[in-house]
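The exercises below ask you to read a protein model from its overall contacts down to single residues. Try each task before you turn to its solution.

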Amino acid sequence: MMDRTAAFPIDPIFIERWSPRAFHPEPMPTGALLTILEAARWAPSAYNVQPWRFLYALRDDAHWPRFLSLLDSFNQSWAGSASALVFLLSDTGTDDAAQQQASPIRSFDTGAAWSHIALQAVRLGYHAHAMAGIAFEAARTSLAVPPRFRIEIAVALGRRAAPETLPPPLREREWPSPRRSLTETAFAGSFPA
């Protein structure tokens, strides 16, 4: 396993959070998913626009096969064992001029909502894995996403399973990854030469 030791005292949830692909194929209570999405609702947002929208399917509901089919084949190979799939959208603008000014960072704000999803999932004993491998145009049509909304990412949620449940090529990657040191990431003043 990779070293995931913080250099400074942070809440352990930040280290416990990682993006596994091996999930137990079990139902998730609707209340647990809604708790996770409620945490995302409280993400910070420029001008309080709250651009995020969440479309979701639970593994045992009628929407599940359609949501799973909107992932690329690689992601389908493992995400089919998740308990829930969520598509995160961002509203790209409104008619209000003051809010239009915030438009360039709406994806950033929706990313903050994703972070809240990932952390609340860990707090409830689940994990989240974000995926960019989506059939974006098919998802727009199938999920009736209006033109002003951008499909940002899809997220698989569930309880971790043993790496052996994954297809062989993915098993050796099923560990929390390390991070660059803070000295390689944060700089006082200008960017170093």
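**Exercise 1. Determine what share of the protein's contacts between residues at least 6 apart in sequence join residues at least 24 apart, and describe the overall build.**

Solution. Counting as a contact any heavy atoms within 4.5 Å, one finds that, among pairs at least 6 apart in sequence, 74% join residues at least 24 apart. Before going further, note that this is a predicted model, in which local features need pLDDT of at least 70 and side-chain atom pairs count only at pLDDT 80 or more, while totals for chains, interfaces and linings use all residues. Residues are numbered from 1 along each chain as its sequence is written, and side-chain values use heavy atoms, with hydrogens and water left out.

Next, list the elements, taking helices (H or I, at least four residues) and strands (E, at least two) as DSSP runs numbered from the N terminus. There are eight helices and four strands, in the order α-α-β-α-α-β-α-α-β-α-β-α from the N terminus. The radius of gyration, taken over C-alpha atoms, is 18 Å, close to the 16 Å that the globule rule (2.2 Å times the number of residues to the power 0.38) gives for 193 residues, so the protein is as compact as a globular protein of that length.

**Exercise 2. Which element supplies the largest share of the largest nonpolar core?**

Solution. Begin with the definition: a nonpolar core is a set of buried Ala, Val, Leu, Ile, Met, Phe, Trp, Tyr and Cys residues joined through side-chain atoms within 4.5 Å, where buried means under 20% relative accessible area, exposed over 50% and partly exposed in between (1.4 Å probe, protein chains only). The largest core has 26 residues, and those with the most contacts inside it include L71, W78 and M131. At least two residues each come from α3 (64–69), α4 (73–79), β2 (84–91) and β4 (149–158), and β4 gives the largest share, four residues. M131 touches, among others, L71, W78, L85 and A156, leaving aside residues up to four places away in sequence. A second, separate core of 24 residues includes L37, A43, A112 and Y126.

**Exercise 3. Where is N48 found, and is N48 buried or exposed?**

Solution. N48 is found in the loop between α2 (30–41) and β1 (52–58), and has a positive phi of about 55° although it is not a glycine. With a relative accessible area of 53%, N48 is exposed. Q50 lies in the loop between α2 and β1 and has a positive phi near 50°, but Q50 is partly exposed, at 30%.
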